[in-house]
Protein chains: 2
Amino acid sequence: MAADISSTSVPGTLSLRERKKLRTRAALVDTALALFTERGFDGVTLDELCEAVEVSKRTFFRNFASKEQVASAPLEALWNGLRDDVEHLAFGHVPVLEVLQEALLVALARMDDGGAWVTHVRRSRELAERTPSIAAYGLQYCDDTSAAIEEALQRRLGLDPADPRPRLALDLVVASFHAALRAWTAKPGAPTHAGLAAELRSVFAALPGALTFSMA
Amino acid sequence: MAADISSTSVPGTLSLRERKKLRTRAALVDTALALFTERGFDGVTLDELCEAVEVSKRTFFRNFASKEQVASAPLEALWNGLRDDVEHLAFGHVPVLEVLQEALLVALARMDDGGAWVTHVRRSRELAERTPSIAAYGLQYCDDTSAAIEEALQRRLGLDPADPRPRLALDLVVASFHAALRAWTAKPGAPTHAGLAAELRSVFAALPGALTFSMA
DNA sequence: AGGCTTATGCTCCTGAGTAGCACTTTGAGT
DNA sequence: ACTCAAAGTGCTACTCAGGAGCATAAGCCT
């Protein structure tokens with residue numbers, strides 16, 4: 001899943017084979033999001049998608065585990081980034097919740113290419129909203145990643161595996177991101193990276209109130 | 001989805017047709033959980049399941065939207081119960097989070113038949129743990145129900161639809177339940193209803209600490 | 001009792017996802 | 001430079017989930 005640096009002499013440079021594979025993968029994501037957006041997830045068969053990218057179905061399934069995954073790829077990249085970062089977080093004596101919030105903002109900032117990612121995410125999100133199977137896949141991936149992160153937190157913080165607190169803190173951060181994503185997707189106009197980050201900060205700010213507020 | 005009282009004179013009594021349908025449904029859930037547990041989710045085809053219950057595949061799909069749903073039925077009943085209850089909650093000036101926690105405990109208590117439900121949940125849970133597609137379906141159903149509950153909360157509390165707090169509070173309650181479920185499933189021995197409720201209370205108690213705790 | 005509604009069964013069909021085999025490309029050893 | 005092993009790719013054939021149309025039977029109302 002994560003790009004790994006291998007056998008080539010210059011670190012950070014990928015072999016021809018690896019670059020080709022990444023290009024194929026990117027082309028599949030790009031074309032899939034375009035076709036799904038245009039004709040709907042169920043209106044596009046895998047055969048059509050593969051034909052458009054000039055790749056066989058076999059190759060598709062070597063890059064993605066399911067039709068749903070190719071539509072969820074942009075957000076998976078974000079969660080993978082967060083998961084990898086947790087390994088190197090400095091915790092000091094700051095509350096874990098705050099460390100995780102900051103880590104998500106950092107992972108999000110890292111996704112800021114020239115706007116390609118943000119455009120993909122917007123499309124992916126809109127598809128998920130009207131396609132239950134995509135939403136289901138995304139939630140499950142998120143849950144899996146959360147379990148992996150929880151495990152890392154337990155290890156790095158020296159906590160009892162039965163302690164529910166790290167997972168709850170993490171789930172709260174994830175729920176905040178989903179809330180931010182919904183709000184951001186609902187906003188009309190061209191999607192921006194800064195806009196998404198702002199929504200996320202705003203939800204984080206509302207979080208303490210979520211625990212204490214009562215009827216107006 | 002929810003049992004509705006119809007045309008018969010005595011409220012609470014279902015017509016023969018409706019009772020028969022419910023029996024078929026229950027038989028499908030029961031047999032499905034047994035077969036899936038025995039041979040694995042992918043080791044049982046729908047045709048086999050339908051044959052075992054002596055029902056056609058058409059009938060199966062009139063009762064359930066997918067193979068995954070029949071395995072998730074027990075927990076769906078709980079979420080449906082919570083969703084319906086939210087319509088009649090008294091909020092007073094108690095924090096919404098606490099009202100929701102209490103509501104979930106009440107909905108859970110209502111599931112206490114003689115142990116059949118709890119046995120089904122345990123099996124369903126164990127299946128979900130080793131079958132990603134079941135887990136995905138369950139999370140998506142939960143998310144859908146949460147959206148419906150959020151909508152009800154907005155309406156009943158007179159809140160701005162853009163206010164993220166009710167959904168965050170709800171997500172926290174749901175996350176607590178999932179944590180309790182994981183802990184409960186991990187415990188060996190015969191599953192009990194009281195045990196699950198106790199786990200849930202224990203997670204609720206740990207919740208404030210989840211926001212503030214830092215490295216030991 | 002008889003007509004109406006609704007569940008059910010049967011059968012055919014599409015498309016996701018898997019597996020086996022042959023072919024090509026790439027990186028490494030000599 | 002040449003060769004070989006390893007990995008990626010394409011083709012084909014297969015299983016099974018899930019949906020649609022039409023005919024039948026069971027339960028409901030008058």
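**Exercise 1. The interface between the chains**

How many salt bridges are there between chain A and chain B? Describe the interface around that count.

*Solution.* This is a predicted model, in which local features need pLDDT of at least 70 and side-chain atom pairs count only at pLDDT 80 or more, while totals for chains, interfaces and linings use all residues. Residues are numbered from 1 along each chain as its sequence is written, chains are lettered from A in the order in which they are written, and side-chain values use heavy atoms, with hydrogens and water left out.

Step 1. Begin with the charged pairs: with a salt bridge defined as a side-chain nitrogen of Lys or Arg within 4 Å of a carboxyl oxygen of Asp or Glu, the count between chain A and chain B is zero.

Step 2. Turn to polar contacts, each a pair of N or O atoms within 3.5 Å, where within protein one atom must be able to donate a hydrogen and the other to accept it, and where residues adjacent in sequence count only if both atoms are side-chain atoms. Across the interface of chain A and chain B, two residue pairs satisfy this rule, both at pLDDT 80 or more.

Step 3. Identify the elements of chain A that take part, taking helices as DSSP runs (H or I, at least four residues; strands are E, at least two) numbered from the N terminus. On the side of chain A that touches chain B, at least two residues each come from α5 (96–110), α7 (132–157), α8 (165–186) and α9 (193–212), and the largest share, ten residues, is supplied by α8(A).

Step 4. Sort that side by class, counting Ala, Val, Leu, Ile, Met, Phe, Trp, Tyr, Cys and Pro as nonpolar, Asp, Glu, Lys and Arg as charged, and the others, Gly among them, as polar. The side of chain A that touches chain B then has 25 nonpolar, seven polar and six charged residues.

Step 5. Add the extent of the interface: 38 residues of chain A are in contact (heavy atoms within 4.5 Å) with 38 residues of chain B. The buried area, which is the accessible area (1.4 Å probe) that two parts lose on being put together, summed over both, is about 3,300 Å² for chain A and chain B, with 74% of it on carbon and sulfur atoms. In chain A, the residues that lose the most area to chain B are A:Leu168, A:Phe213 and A:Met215, together 21% of what that side buries.

**Exercise 2. Salt bridges within the chains**

Which residues does the salt bridge of B:Glu87 join, and what parts of the chain does the pair link?

*Solution.* Step 1. The partner of B:Glu87 is B:Arg155, and the closest N and O atoms of the two are 2.9 Å apart.

Step 2. The pair links distant parts of the chain, 68 residues apart, since B:Glu87 is in the loop between α4 (67–86) and α5 (96–110) of chain B and B:Arg155 is in helix α7 (residues 132–157) of chain B.

Step 3. Taking buried as under 20% relative accessible area, exposed as over 50% and partly exposed as in between (1.4 Å probe, protein chains only), B:Glu87 is partly exposed at 32%, and B:Arg155 is partly exposed at 47%.

Step 4. Set beside this pair the salt bridge of A:Glu151 and A:Arg155, with 3.7 Å from N to O. These two residues are separated by about one helical turn, because A:Glu151 and A:Arg155 are four residues apart in helix α7 of chain A.

Step 5. Place the pairs in the wider count, which is 20 salt bridges over all chains, and note a network of salt bridges that links A:Asp143, A:Glu150, A:Arg167 and A:Asp171.

**Exercise 3. Buried residues of chain B**

Is B:Val118 buried or exposed, and which residues is B:Val118 in contact with beyond its neighbours within four places in sequence?

*Solution.* Step 1. B:Val118 is found in helix α6 (residues 116–130) of chain B and counts as buried, at 3% relative accessibility.

Step 2. Leaving aside neighbours within four places in sequence, B:Val118 is in contact with B:Trp184, B:Pro191, B:Thr192 and B:His193.

Step 3. Follow the contact to B:His193, found in helix α9 (residues 193–212) of chain B and buried, with a relative accessible area of 12%. Among the residues that B:His193 touches, not counting those up to four places away in sequence, are B:Leu108, B:Met111 and B:Trp117.

Step 4. As a further case, B:Gln69 in helix α4 of chain B is buried at 4% relative accessibility, and its side chain makes a polar contact with the side chain of B:Tyr137 (3.1 Å).
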